[in-house]
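Here are a few short exercises to work through with the model open beside you. Try each task before you read its solution.

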Amino acid sequence: MGLFDRFARRSGRGKRAAEGSTAQYLADWTAARIGVEAYVEPKTTVTPVTVVLVANDGEWTRRAVDERDLRKLGPDLKIPVYDVRKTR
């Protein structure tokens, strides 16, 4: 393994597998907590699009998500999803 191999882009196949594991993680996290809401954070120069899940007790988690999967997030997890650019 070379010095920069860990930073190399992976094939699309590995990316889809990672997205599937992220979706499963978000589903499991939501199912284990009460009053979960999702906040979508926009892409920045440093981070990709991320979603922050917040439970009613203040516990939270953040994961990078694909923008194509955001529309399905709320209905799939049965939680409200907010765009942080549109909330005050």
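Helices (H or I, at least four residues) and strands (E, at least two) are DSSP runs, numbered from the N terminus. This is a predicted model, in which local features need pLDDT of at least 70, side-chain atom pairs count only at pLDDT 80 or more, and totals for chains, interfaces and linings use all residues. Residues are numbered from 1 along each chain as its sequence is written, and side-chain values use heavy atoms, with hydrogens and water left out.

**Exercise 1. Find the place of Lys78 and describe its backbone and exposure.**

Step 1: Lys78 sits in the loop between α2 and β4.
Step 2: Look at the backbone angle: phi of Lys78 is near 60 degrees, a positive value in a residue other than glycine. For comparison, most residues other than glycine have a negative phi.
Step 3: Lys78 counts as exposed, at 74% relative accessibility. Here buried means under 20% relative accessible area, exposed over 50%, and partly exposed in between (1.4 Å probe, protein chains only).

**Exercise 2. Place Arg71 in its helix, then relate it to Val81.**

Step 1: Arg71 belongs to helix α2, which covers residues 70-77.
Step 2: Its relative accessible area is 77%, so Arg71 is exposed.
Step 3: Between Arg71 and Val81 there are 9.0 Å in space, C-alpha to C-alpha, and the two are 10 residues apart in sequence.

**Exercise 3. Describe the second largest pocket and its lining.**

Step 1: Start with the term. On a 1 Å grid over the protein atoms alone, a pocket is an open set of points where a 1.4 Å probe fits, with protein on both sides within 12 Å along at least five of seven lines; lining residues have an atom within 4 Å of a point.
Step 2: Among the lining residues are Val40, Glu41, Val81, Tyr82 and Asp83. The elements that give two or more residues are β1 (37-41) and β4 (81-83), and β4 supplies the largest share, three residues.
Step 3: Sort the lining by class: six residues are nonpolar, none polar and six charged. Ala, Val, Leu, Ile, Met, Phe, Trp, Tyr, Cys and Pro count as nonpolar, Asp, Glu, Lys and Arg as charged, and the others, Gly among them, as polar.

**Exercise 4. Summarise the whole protein chain.**

Step 1: The chain has two helices and four strands, in the order α-β-β-β-α-β along the sequence.
Step 2: Of its 88 residues, 25% are buried.
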